[in-house]
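Trainee: Could you take me through one part of this fold up close? I'd like to see how a single helix sits among its neighbours.

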Amino acid sequence: MSTPHVVVVMGVAGTGKTTIGPLLAAELGVPYAEGDDFHPAANIAKMSAGTPLDDADRWPWLDAIGQWAHGRAGLGGVVSSSALKRAYRDRLRSEAPGAVFLHLSGDRSLIEERMAGRKGHFMPTALLDSQFATLQPLEDDEAGVAVDVSGTPQEITQRAVAALRRLES
């Protein structure tokens, strides 16, 4: 990509944001920030207990991600954030207007299977239904692309790079 954008890798839990994000950042030659690292401890405790976050929990988290993205404006970067609702993406764009979204999407059964195989992650598979219920896919007026998560991480990353390049041109 010729202009260094900040790419927000979004999607429900288990789509591979934490796997694809660093691979995409390496491919684009920009830094990666793990969105989960921006969560306050109270959010992690809540999710670990199987309780979905509410919007009041999410606003400070989204603001922190947006501030990181704003600081990378013109320099480029990749950050992960579920960004499931339009309102959440709007909140991120209010901090970082040039952000571009990469929606990792896929079949629920594939995502659940991948989640079940994860080790040491605080998000239980029990919350997957609430994630899908909350998900509002990218709308036509939002800068971003959707990429299917079937295949290897390298294949997904290459599809993402190609889709982002098409978006730019």
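Mentor: Here is a walk around helix α3 and what surrounds it. This is a predicted model, where local features need pLDDT of at least 70 and side-chain atom pairs count only at pLDDT 80 or more, while totals for chains, interfaces and linings use all residues. Numbering runs from 1 along each chain as its sequence is written, and side-chain values use heavy atoms, with hydrogens and water left out.

Helices are DSSP runs of H or I with at least four residues, strands are E runs of at least two, and both are numbered from the N terminus. α3 covers residues 55–71, and its end C-alpha atoms lie 24 Å apart, in agreement with the 24 Å that 17 residues should span at 1.5 Å a residue (the expected span is 1.5 Å times one less than the number of residues). At the N-terminal end, Asp54 acts as the cap, with a side-chain oxygen 3.2 Å from the backbone nitrogen of Ala56.

Now the inward side: Asp57, Arg58, Trp61, Leu62, Asp63, Ile65, Gly66 and Ala69 are buried (under 20% relative accessible area, 1.4 Å probe, protein chains only). Their cover includes β1 (6–10), α2 (41–48), β3 (77–80) and α4 (86–95).

Look at Ser81 too, in the loop between β3 and α4. Ser81 is buried, at a relative accessible area of 1%. Beyond neighbours within four places in sequence, its contacts (heavy atoms within 4.5 Å) include Trp61, Leu62 and Ile65, along with Val8, Val9 and Met10.

Note on methods: Buried means under 20% relative accessible area, exposed over 50%, partly exposed in between (1.4 Å probe, protein chains only). A polar contact is a pair of N or O atoms within 3.5 Å; within protein, one must be able to donate a hydrogen and the other to accept it, and residues adjacent in sequence count only if both atoms are side-chain atoms.
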